[in-house]
Amino acid sequence: MKLSEFWLCMEHEFGRGYARVLAADLVLGQLGQLTALEALEKGVDPRRVWLAICDTQDIPLERRLGPDIKPSS
């Protein structure tokens, strides 16, 4: 997962404004008590960060792959 895909998933799931707040404030035990932003800054794989958020926020498995985006014509 690229960083841009991480943010796309976050914004799709939580909304643009809340995604940024959640990334800055939610402490993720799976990532050593770091927030998502701290983990990303330390080089943690964005997919690992996304899945840790999903686990913490109880996101259903069917929504963890992110939004379906139609290819541009």
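In the predicted model, the buried residues of helix α2 pack against α1, β2, α3 and α4. The residues concerned are Ala19, Leu22 and Ala23. Viewed down the axis of α2, these buried residues fall within an arc of 100 degrees, so they line one face of the helix. Gly17 and Asp25 lie on the other side of α2, where they are exposed.

The elements named above belong to a protein chain with 4 helices and 2 strands. Along the sequence, these elements follow the pattern α-α-β-β-α-α. The C-alpha trace of the protein chain spans about 40 × 25 × 20 Å along its principal axes. For 73 residues, a compact globule would be expected to have a radius of gyration near 11 Å, and the value of 12 Å for the protein chain agrees with this. Of the 73 residues, 37% count as buried. Among the contacts in the protein chain with a separation of 6 or more, 46% are accounted for by residues 24 or more positions apart. The accessible surface comes to about 4800 Å², and carbon and sulfur atoms contribute 52% of this area.

Helix α1 covers residues 3-14. At 1.5 Å a residue, the 12 residues of α1 should span 16 Å, and the end C-alpha atoms of the helix are indeed 16 Å apart, in agreement with that expectation. Phe6, Trp7, Cys9, Met10, Glu13 and Phe14 are buried in α1. Seen down the helix axis, the buried residues of α1 fall within an arc of 160 degrees, so they line one face of the helix. The face turned away from this buried side carries the exposed residues Ser4 and His12. The cover over the buried residues of α1 includes α2 (16-25), α3 (36-41) and α4 (46-56). Helix α1 is followed by Gly15, which has a positive phi, near 90 degrees.

Strand β2, one of the elements against which the buried residues of α2 pack, comprises residues 34-35 and contains Thr35. Thr35 is buried, with a relative accessible area of 7%. When residues up to four places away in sequence are not counted, Thr35 touches Ala23, Ala24, Asp25, Leu26, Val27 and Leu28. Of these contacts, Ala23 is one of the buried residues of α2, whereas Asp25 is exposed on the other side of that helix.

The cysteines were examined next. A disulfide is a covalent bond between the sulfur atoms of two cysteines. The structure holds 0 disulfides. The sulfur of Cys9 has its closest cysteine sulfur in Cys54, at 7.7 Å, which is too far for a bond; a pair would have to lie within 2.5 Å to count as a disulfide. The converse also holds, since the cysteine sulfur closest to that of Cys54 is the one in Cys9. Both cysteines are nevertheless buried: Cys9 has a relative accessible area of 5%, and Cys54 counts as buried at 0% relative accessibility. Cys9 is among the buried residues of α1, and α4 (46-56) is included in the cover over those residues.

Notes: Residues numbered from 1 in each chain as written. Predicted model: local features only at pLDDT ≥ 70, side-chain atom pairs only at ≥ 80, totals over all residues. Heavy atoms only, no water. Buried < 20%, exposed > 50% of the residue type's maximum accessible area, 1.4 Å probe, protein only. Expected span 1.5 Å × (residues − 1). Arc of directions from axis to C-beta. Contact = heavy atoms within 4.5 Å. Rg over C-alpha atoms; globule rule 2.2 N^0.38 Å. Areas by Shrake-Rupley, 256 points an atom, 1.4 Å probe, with all protein chains shown as cover.
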